[in-house]
Amino acid sequence: MIAGGFTVISSTAQTRRAFLKWLGRMGAGASLVPVLEKALETFGLVMADGLVLAAADRPGPAPARYYRKFESGDLVQCELCPRREVLAPGQTGFCRDRRNINGELITHAYGQPCVVNLDPIGKNPLAHFYPEMTVLALAHAGCNLRCLYCQNWQFSQESPTRTRNIVPFDFRDAGRKMKVKQVTGISFTYTEAVTAPEFTLDFARFCGELGFKRTLCTAGYIEPRPFKDLLQVFEAVTFTFKGPSDDFYRRVTAGTLKPVLEAMSLAKAEGKWVEVATLVVPTLNDDQASLSFIARWIKDHLGPDTPWHLERFDPQFKLAALPPTPQVTLEQARRIGLENGLRFVYLSNLAPHQANHTYCPACGRVLIKRLGFKLLENNLRDGACPQCRTRIPGVWG
């Protein structure tokens, strides 16, 4: 059973088998069992009857940023994402996080994450950013998109007022425990961190002061001003580039494409290390035209050295009747990416597979060997291939 972002290991073999089956669906495997066990130990959570129990109390709402008040009445307009919703008192935004209370915008997504895991950095996914790193991955409930195939819908399609949360979440205590356990970075992932910019900014800034690396995985559906603020506290960003057209975004995600393209370009312009991930969904975006458009856009606007992660769809949420993405489809998608000029194209949640690895684009040597998200070998030498000395783009430490 999943609760608070964990599938919990009990003492019974039956529960452990169910846990391993779930990891398999998530593109991981038995190798990650110790990672999640370590997460439970790190944050002192209690296991009972298959549940991870958070504290019973729940922090109150926090003041929100990025909104304006109207001169008359108690209406407010949220200026965080392209929806720019006008909310009357008592109304909650599309993201389920932000609410008008007596003419003030508040957020429920502060200090009560529903997911707290210890993850390998490859799960972000990031392939060219400190590949040995283990990160504290965390998320609040809520999202400003409605992806029909959402792989984390239990969290993203709920409000923080309706999820089992890790509370109280104390910044200093989390930082201390991360250092004790030799966790060297944080990742905001699983849901949409940009709908919780107050917490994301504050905790990322706090972690930066302690020397932790900070990474973000986002759909990029956000206005430029708040996103530029967020980018100041991150070293690396992974964007989920979901489909090739505005029509796709409207039908499948209830969003639009242009703000996402602008967000990716902004992150690149701000000097952040950028990677891109696309969930390849049968009948929706698995055709050659769709994948070629995405690959060409990445090459033309972010550069040919931008890693592209192709991810296998697991039937979820409102598209549970679709089949999982066939392996041959993912392999064809990878060929499309390479043929369109991208030099690093990964199958990140299908393992084992040769496309989990990083190869030297000059001599073809395996430089970083992986099993899914798990790092097996890193043969880079000072960021270069040890055989032909070709520099490999990335942030290697």
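Alanine 254 is partly exposed, with a relative accessible area of 32%. This residue sits in the loop between α7 (246-253) and α8, and its phi is near 65°, a positive value in a residue other than glycine. The model in which this backbone conformation appears is a predicted one. Most residues other than glycine have a negative phi, and most peptide bonds are trans. Arginine 84 likewise is not a glycine and has a positive phi, of about 45°. Arginine 84 belongs to the loop between β7 (76-78) and β8 (86-87), and its relative accessible area of 32% makes it partly exposed, because that class lies between 20% and 50%.

The overall composition gives these loops their setting. The protein has 10 helices and 21 strands. Of its 397 residues, 57% are buried. Among contacts with a separation of 6 or more, 66% are between residues 24 or more positions apart.

Helix α8 (residues 258-269), which follows the loop of alanine 254, packs against helix α6 (residues 224-231). The two axes come within 10 Å and cross at roughly 35°, and the crossing is right-handed. On the α6 side the contact is made by Pro224, Phe227, Lys228 and Leu231, which meet Ala263, Leu266 and Ala267 of α8. By class, this contact comprises 6 nonpolar residues, no polar ones and 1 charged residue.

A second helix pair is formed by α4 (residues 171-180) and α5 (residues 197-209), whose axes are 10 Å apart and meet at an angle of about 45°. An angle between 35 and 65 degrees falls in neither the roughly parallel nor the roughly perpendicular class, and α4 and α5 are therefore oblique to each other. The crossing in which α4 passes α5 is right-handed. Phe171, Arg172, Ala174 and Gly175 represent α4 in this contact, and they meet Phe199, Asp202, Phe203 and Phe206 of α5. The contact residues divide into 5 nonpolar, 1 polar and 2 charged.

Several phenylalanines of this helix contact also belong to an aromatic cluster. A pair of aromatic rings is described by the distance of the centres and the angle of the planes. The structure holds 17 aromatic pairs. In one of them, phenylalanine 169 and phenylalanine 171 have ring centres 6.4 Å apart and planes at 70°; the pair is edge-to-face because the angle is over 60 degrees. Phenylalanine 169 has a relative accessible area of 10% and is buried, and phenylalanine 171, at 17%, also counts as buried because the cut-off is 20%.

Which arrangement do the rings of phenylalanine 199 and phenylalanine 203 adopt, stacked or edge-to-face? Their planes are 15° apart and their centres are separated by 5.7 Å, and the pair is stacked. Both residues lie in helix α5, 4 residues apart, about one turn of the helix. Both are also buried: phenylalanine 199 has a relative accessible area of 1%, and phenylalanine 203 one of 0%. These four phenylalanines are members of one aromatic cluster, formed by Tyr110, Phe169, Phe171, Phe188, Phe199, Phe203, Phe206 and Phe234.

The chain leading towards α4 contains a further backbone feature. A cis peptide bond joins valine 167 and proline 168, with omega about -10°. Proline 168 is placed in the loop between α3 (153-156) and α4. Another cis peptide bond runs from alanine 351 to proline 352, where omega is near -5°. Proline 352 occupies the loop between β18 (345-347) and β19 (358-359).

One further loop residue is threonine 283, located between β16 (273-280) and α9 (288-301). Is threonine 283 buried or exposed? Its relative accessibility is 63%, and it counts as exposed because that value is over 50%. Threonine 283 and threonine 325 are 42 residues apart in sequence, while their C-alpha atoms are 9.8 Å apart in space.

Conventions:
Residues numbered from 1 in each chain as written. Predicted model: local features only at pLDDT ≥ 70, side-chain atom pairs only at ≥ 80, totals over all residues. Heavy atoms only, no water. Axes fitted to C-alpha atoms, helices over the stretch in contact; angles between N-to-C directions. Helix = DSSP H or I, 4+ residues; strand = E, 2+ residues; numbered from the N terminus. Parallel < 35°, antiparallel > 145°, perpendicular 65-115°, else oblique. Left-handed = near helix turned anticlockwise from the far one by under 90°. Contact = heavy atoms within 4.5 Å. Nonpolar A, V, L, I, M, F, W, Y, C, P; charged D, E, K, R; others polar. Phe/Tyr/Trp six-rings, centres within 6.5 Å; stacked < 30°, edge-to-face > 60°. Buried < 20%, exposed > 50% of the residue type's maximum accessible area, 1.4 Å probe, protein only.
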